[in-house]
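Reader: I would like to learn how to read a structural model step by step. May we work through one together?

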Amino acid sequence: MTQLLRRQVQLEAQILEAVARMLSELDGGAARVRVGLDSHLERDLGIYSLERVALFLRLEEVCGVRIPEEAMLRVEHVADLVNAVTVMDKCLKAAGAGPE
């Protein structure tokens, strides 16, 4: 497995965990839905505007990237989150500032 692929798998796992943890916190610890790449943030997970902002801030911290506001507005599914974070991670790596 290449280093780039390992990093993408790591980011995917971090994002899925962060989304699941946030949902658990919002539900007071009750597990209410399975989080998958195809999960729709609003329809499936109940993540609306305020929760979306909190989620993006959490992902920026967990993944070590800054997610542009435009991406926040376009993201609909968890897979879109993975793509947005992966793009920003690659930008950081190209600039020599990303995690190894």
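**Reading the model**

Author: Let us begin with one residue: Val 9 lies in helix α1, which covers residues 3–26. Please bear in mind that the model is predicted.

Reader: Is Val 9 buried, partly exposed or exposed?

Author: The relative accessibility of Val 9 is 44%. Buried means under 20% and exposed means over 50%. Because 44% falls in between, Val 9 counts as partly exposed.

Reader: Which residues make a nonpolar surface patch with Val 9?

Author: The patch has an area of about 300 Å². Val 9 shares this patch with Met 1 and Leu 5.

Reader: Which elements does the protein chain have, and in what order do they run?

Author: The protein chain has four helices and zero strands. From the N terminus on, the order of its elements is therefore written with helices alone: α-α-α-α.

Reader: How compact is the protein chain?

Author: The C-alpha trace spans about 40 × 30 × 20 Å along its principal axes. For 100 residues the globule rule gives 13 Å, and the radius of gyration of the protein chain is close to that value. The chain is so as compact as a globular protein of that length, with a radius of gyration of 13 Å.

Reader: What percentage of the residues in the protein chain is buried?

Author: A residue counts as buried when its relative accessible area is under 20%. Of the 100 residues in the protein chain, the buried share is 34%.

Reader: Which element gives the most residues to the largest nonpolar core?

Author: In soluble globular proteins, nonpolar side chains tend to be buried together. Here the largest nonpolar core has 24 residues, and those touching the most other members include Ile 15, Val 19 and Ile 67. Two or more residues come from each of α1, α2 (49–63), α3 (69–74) and α4 (78–94). With six residues, the element that gives the most is α1.

Reader: Which residues is Ile 67 in contact with, leaving aside its neighbours within four places in sequence?

Author: Ile 67 is among the core residues that touch the most other members. Its contacts, with those neighbours left aside, are Phe 56, Leu 59, Glu 60, Met 72, Ala 84, Val 85 and Met 88.

Reader: How far apart in space are Leu 4 and Thr 86?

Author: Leu 4 is found in helix α1 and is partly exposed, with a relative accessible area of 48%. In sequence, Leu 4 and Thr 86 are 82 residues apart. In space, C-alpha to C-alpha, the separation of Leu 4 and Thr 86 is 9.9 Å.

Notes:
Residues are numbered from 1 along each chain as its sequence is written. This is a predicted model: local features need pLDDT of at least 70, side-chain atom pairs count only at pLDDT 80 or more; totals for chains, interfaces and linings use all residues. Side-chain values use heavy atoms; hydrogens and water are left out. Patches are made of residues with over 30% relative accessible area and no salt bridge: like charges are joined within 9 Å, nonpolar side chains (Val, Leu, Ile, Met, Phe, Trp, Tyr) within 5 Å. Accessible areas come from the Shrake-Rupley method with a 1.4 Å probe; for residues, only the protein chains shown count as cover. A salt bridge is a side-chain nitrogen of Lys or Arg within 4 Å of a carboxyl oxygen of Asp or Glu. Buried means under 20% relative accessible area, exposed over 50%, partly exposed in between (1.4 Å probe, protein chains only). The radius of gyration is taken over C-alpha atoms; the globule rule is 2.2 Å times the number of residues to the power 0.38. A nonpolar core is a set of buried Ala, Val, Leu, Ile, Met, Phe, Trp, Tyr and Cys residues joined through side-chain atoms within 4.5 Å. Contact means heavy atoms within 4.5 Å.
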